[in-house]
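This report describes the overall build of one chain and then the pairing around one of its strands.

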Amino acid sequence: MTDPRLAIVEHTRRLADAAAAAGPEAPVPTAPGWTVTELVEHLGQTQHWAAEIIERRITDPAQLPAEMAELPADPGAWPAWLAGSAQRFADACTEEALEAPVFNASGDERTGGRFWMSSMLNEAVVHGFDGENAAGRPPQVAPDVAAALITNHLKMLTSPTWAMFRAESAQAIQGTGQTLALRATDADDAWLIERRPDGAAWQPGAHEADVTVSGPAGELLLTLTRRLPLTAVTVDGDAALIQHWLDNTAHVAG
């Protein structure tokens, strides 16, 4: 797979380019209520914040950074500021840091460093698309990057932290055995979701299901994060199942 650190830097650069083209006050249709200014501020601040967690090897959530980096007032300085935030995070993710004890906000089996790297890749790609959408540009997500983020998305939705802090969503995606299959048509990746009484679970691989959603990995990712409409992909089977899943697993804008 493409090195996630390089992908974070590249997608952050694309957001910077799109922000310059759209203008600071332009609305962001796929992140309602946000302007391009707020989009740029969010991504840069989040990257600096996560980099500090890894740099300081923070393991106690009570010690998480309390201050956020300041967005430059001059939009002309934003590309360099964003580039600096992305590079700082990428540099923090050394091989040693990725295996070191660091707080993992999802509470799953990953090391904290690997959790934050996946999370920041997701931020750069999804919010990068938000910026490209605001500028009227088509999305550009490599299939292997998109596939890795679909896996990350499913890990997040089935993690202990999601059940704790997004209880309404976690309860809504429970079921009595309904199954949803996702298949990337431009990558050798597929996923099966099962809505069990004790919560949703997932596994990799191609399986028969009550509903199958297929399409390029990038379109699948952007549909799952509600950046593209369901019509962007192909749905075979019980469409109400995937619509219910989407309605209850929205990617939070902020």
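Accessible areas here come from the Shrake-Rupley method with a 1.4 Å probe. On that basis the chain, a predicted model, has an accessible surface of about 11,200 Å², and 53% of this surface belongs to carbon and sulfur atoms. Of the 254 residues, 49% are buried.

The chain contains 10 helices and five strands. Its radius of gyration is 18 Å, close to the 18 Å given by the globule rule for 254 residues, so the chain is as compact as a globular protein of that length. The C-alpha trace spans about 50 × 40 × 30 Å along its principal axes. Among contacts with a separation of 6 or more, 65% are between residues 24 or more positions apart. The chain carries 16 positive and 34 negative charges, and the mean positions of the two sets are 2 Å apart.

Strand β1 covers residues 178-184, and five of its seven residues are buried. The table lists the pairings of this strand.

| Partner of β1 | Sense | Bridges |
|---|---|---|
| β2 (residues 190-196) | antiparallel | six bridges |
| β4 (residues 211-215) | parallel | five bridges |

A hairpin of five residues leads from β1 to β2. Individual bridge partners can be named on both sides: Leu182 is matched with Trp191 in β2, and Ala181 with Thr212 in β4. As a general point, side chains in a regular strand alternate between the two faces of the sheet.

Conventions:
Residues are numbered from 1 along each chain as its sequence is written. This is a predicted model: local features need pLDDT of at least 70, side-chain atom pairs count only at pLDDT 80 or more; totals for chains, interfaces and linings use all residues. Side-chain values use heavy atoms; hydrogens and water are left out. Helices (H or I, at least four residues) and strands (E, at least two) are DSSP runs, numbered from the N terminus. The radius of gyration is taken over C-alpha atoms; the globule rule is 2.2 Å times the number of residues to the power 0.38. Buried means under 20% relative accessible area, exposed over 50%, partly exposed in between (1.4 Å probe, protein chains only). Contact means heavy atoms within 4.5 Å. Lys and Arg count as positive and Asp and Glu as negative; His and the chain ends are not counted. The place of a charge is taken as NZ of Lys, CZ of Arg, CG of Asp or CD of Glu. Two strands pair if DSSP finds at least two bridges between them.
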